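Thanks for making the time this morning. I would like to take you through one structure, starting from a single residue and working outwards, so please have the viewer open.

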Amino acid sequence: YQRRVHGDLDTLEWSGAELSPMSVEPPQLYGHSANLYGDSVLIMGGLCGDWSVSEQLYLVCFLPNGAIEWQIVHAKGKVKPEGRCWHSCSISTGMGKVHLWLVGGENQSGTPLSDVFELCLIPRESNKSQFTLRKRVRAPDRLCHIPVCGPDVVALPNRCPIM
């Protein structure tokens, strides 16, 4: 047996970063989702420190000066997902578009959710993004699962793809 190591893990170290003065105060969250989006991270939902369930979508930006800026994302669209935790989010790309897929989870009352939302991410010239949200389909109740995304398809384990 030969062990292969890529990179020198002995040199990795944790470091903190200052919040940008323009940043919203980040909440205490767990049971949320986080997805890499360009040079930023999209963080959706989760349980807050006061046990309420968050419905917010945050864009966490890493600034050139090393600071971090949290922004609340305001999506367009006729629908808005209710607050949730223990859900899944995954990003897919295809046909020149980027989509964040929000699947299932649990709401404030502990009820499993059986919905799928699609958030279309459209970059603007100003390095900001326009977010358009729509509800796609009803799916089986799902908690703590991982959707698999490919170009224009999202597959839930043991289920048919959602187009």
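Let me begin with His87, which, once its neighbours within four places in sequence are set aside, is in contact with Gly31, His32, Ser33, Met44, Gly45, Gly46, Leu102, Val103, Gly104 and Gly105. I should say at once that this is a predicted model, and please keep that in mind throughout. His87 sits in the loop between S6 and S7, and because its relative accessibility is 6%, under the 20% limit, His87 counts as buried. One of the residues on that contact list, Met44, also has a polar atom close to the histidine side chain: the backbone oxygen of Met44 lies 3.1 Å from a polar atom of the side chain of His87.

Staying with that loop, which residue makes a side-chain polar contact with Glu55? That is Lys80, whose side chain meets the side chain of Glu55 at 3.1 Å. Lys80 is likewise placed in the loop between S6 and S7, but here the accessibility is of another kind, since Lys80 has a relative accessible area of 58% and is therefore classed as exposed. Lys80 and Glu55 are 25 residues apart along the chain, and their C-alpha atoms are separated by 8.8 Å.

Now to the aromatic side chains, where a search of the whole structure finds three pairs. One of them is formed by Tyr30 and Trp86, in an edge-to-face arrangement with 6.1 Å from centre to centre and 65° between the planes. This pair links distant parts of the chain, with Tyr30 in strand S1, residues 29-30, and Trp86 in the loop between strand S6 (68-72) and strand S7 (88-94), the two being 56 residues apart. As for accessibility, Tyr30 counts as partly exposed because its value is 34%, and Trp86, at 32%, is partly exposed as well.

A further pair, Tyr58 and Trp70, is again edge-to-face, this time with 5.4 Å centre to centre and 70° between the planes. Tyr58 belongs to strand S5, residues 57-62, and Trp70 to strand S6, and although they are twelve residues apart, this pair too links distant parts of the chain. Are these two rings buried or exposed? Both Tyr58 and Trp70 are buried, whereas Tyr30 is partly exposed.

Let me return to Tyr30 for a moment, since Tyr30, Trp51 and Trp86 form one aromatic cluster. Those three residues, Tyr30, Trp51 and Trp86, also form a nonpolar patch on the surface, with about 350 Å² of accessible area together.

Finally, the chain as a whole. How many helices and strands does the chain have? There are zero helices and twelve strands, so to speak a plain run of β elements when the pattern is read along the sequence. Of the 163 residues in the chain, 41% are buried, and the accessible surface comes to about 10600 Å², of which 54% belongs to carbon and sulfur atoms. If we take the contacts between residues at least 6 apart in sequence, 45% of them join residues at least 24 apart.

To gather the threads of the loop between S6 and S7: buried His87, exposed Lys80 and partly exposed Trp86 are the residues I would ask you to find in the viewer. Thank you, and I am happy to take questions.

Methods:
Residues numbered from 1 in each chain as written. Predicted model: local features only at pLDDT ≥ 70, side-chain atom pairs only at ≥ 80, totals over all residues. Heavy atoms only, no water. Phe/Tyr/Trp six-rings, centres within 6.5 Å; stacked < 30°, edge-to-face > 60°. Helix = DSSP H or I, 4+ residues; strand = E, 2+ residues; numbered from the N terminus. Buried < 20%, exposed > 50% of the residue type's maximum accessible area, 1.4 Å probe, protein only. Contact = heavy atoms within 4.5 Å. Areas by Shrake-Rupley, 256 points an atom, 1.4 Å probe, with all protein chains shown as cover. Patch = residues over 30% accessible without salt bridge, like charges linked within 9 Å, V, L, I, M, F, W, Y side chains within 5 Å. Salt bridge = Lys/Arg side-chain N within 4 Å of Asp/Glu carboxyl O. Polar contact = N/O pair within 3.5 Å; in protein donor to acceptor, adjacent residues only side chain to side chain.
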